[in-house]
Amino acid sequence: MPYLIDGNNLMPVVGARTRKDLLETVARFALTKRVKVSVVFDGAEEDFFPDGSSFKGVKIFYSPFGSDADARIRNLVEISKQRRALIVVTSD
């Protein structure tokens, strides 16, 4: 089952100080569980992790300007071919 994670919501839960810290943690989870994972962050994209890129197999997305990660997550769920099996991780 694929996972779609609100990165900003998960960062304090796992004690990640940076987006890269979170991506490292999520990448280990994905490898261990053998699942596909996408993470959506609020705010501007990072130079090293542009929108739509991957980090150690974890797909990375950002909220569009003037919007938030929740809206991007809703959009990704709507267009997903696996939406019934998709696990969304968020505190919102």
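Here is a friendly question-and-answer session about the predicted model shown above.

Student: Let's start with the salt bridges. How many does a search of the whole structure find?

Tutor: One salt bridge joins the side chains of R19 and E46, and another joins those of E24 and K56. D51 and R72 also meet in a salt bridge. For the whole structure, the search gives a total of 3.

Student: How many residues apart in sequence are R19 and E46?

Tutor: Their side chains meet with N and O 3.4 Å apart. R19 belongs to helix α2 (residues 19-33), while E46 sits in the loop between β2 and β3, so the salt bridge ties together parts of the chain whose separation in sequence is 27 residues.

Student: Is R19 buried or exposed?

Tutor: Buried means under 20% relative accessible area. Its partner E46, at 28%, counts as partly exposed. R19 has a relative accessibility of 15%, so R19 counts as buried.

Student: Which part of the structure holds K56, the partner of E24?

Tutor: The side chains of E24 and K56 come together at 2.9 Å, N to O. The two residues are 32 apart, with E24 in helix α2 and K56 in the loop between β3 and β4 (58-62).

Student: And is K56 buried or exposed?

Tutor: The cut-off to remember is that exposed means over 50% relative accessible area. K56 has a value of 57%, so K56 is exposed.

Student: What about D51 and R72: which helix holds R72?

Tutor: These two side chains meet in a salt bridge of 3.0 Å, N to O. D51 lies in the loop between β2 and β3, and 21 residues separate D51 from R72, which is in helix α3 (residues 69-79).

Student: Is R72 buried or exposed?

Tutor: Let's compare each value with the 20% cut-off for buried residues. D51 has a relative accessible area of 32% and is partly exposed. R72 comes in at 18%, so R72 is buried.

Student: I also see S53. Which residues is S53 in contact with, leaving aside neighbours within four places in sequence?

Tutor: First, S53 is found in the loop between β2 (37-41) and β3 (54-55). A polar atom of the S53 side chain lies 2.6 Å from the backbone oxygen of P50, and S53 is buried, with a relative accessible area of 17%. Beyond those sequence neighbours, the contacts of S53 are V58, K59 and I60.

Student: Now the rings. Is the pair of F41 and Y62 stacked, tilted or edge-to-face?

Tutor: F41 is in strand β2 and Y62 in strand β4, 21 residues apart. Both F41 and Y62 are buried. Their ring centres are 6.0 Å apart and their planes make an angle of 35 degrees, so this pair is tilted.

Student: What is the angle between the planes of F49 and F55?

Tutor: F49 is buried at 9% relative accessible area, and F55 is buried at 12%. Their rings form an edge-to-face pair, 5.3 Å from centre to centre, and the angle between their planes is 85 degrees.

Student: Turning to helix α1, which residue caps its N-terminal end?

Tutor: Helix α1 covers residues 7-14, with G7, N9, L10 and M11 buried. The cover over its buried residues includes β1 (3-6), α2 and β2. At the N-terminal end, a side-chain oxygen lies 3.3 Å from the backbone nitrogen of N8, and the residue providing this cap is D6.

Student: What follows α1, and what is special about its phi?

Tutor: The phi of the residue after α1 is positive, near 75 degrees, and that residue is G15.

Student: Finally, the nonpolar core. Where does the largest share of the largest core come from?

Tutor: In soluble globular proteins, nonpolar side chains tend to be buried together. Here the largest core has 18 residues, and L22, L23, V26, V37, V39 and F41 touch the most other members. Each of α1, α2, β2 and β4 supplies at least two residues of this core, and the largest share, 5 residues, comes from α2.

Notes. Residues numbered from 1 in each chain as written. Predicted model: local features only at pLDDT ≥ 70, side-chain atom pairs only at ≥ 80, totals over all residues. Heavy atoms only, no water. Helix = DSSP H or I, 4+ residues; strand = E, 2+ residues; numbered from the N terminus. Buried < 20%, exposed > 50% of the residue type's maximum accessible area, 1.4 Å probe, protein only. Polar contact = N/O pair within 3.5 Å; in protein donor to acceptor, adjacent residues only side chain to side chain. Contact = heavy atoms within 4.5 Å. Salt bridge = Lys/Arg side-chain N within 4 Å of Asp/Glu carboxyl O. Phe/Tyr/Trp six-rings, centres within 6.5 Å; stacked < 30°, edge-to-face > 60°. Core = buried A, V, L, I, M, F, W, Y, C linked by side-chain atoms within 4.5 Å.
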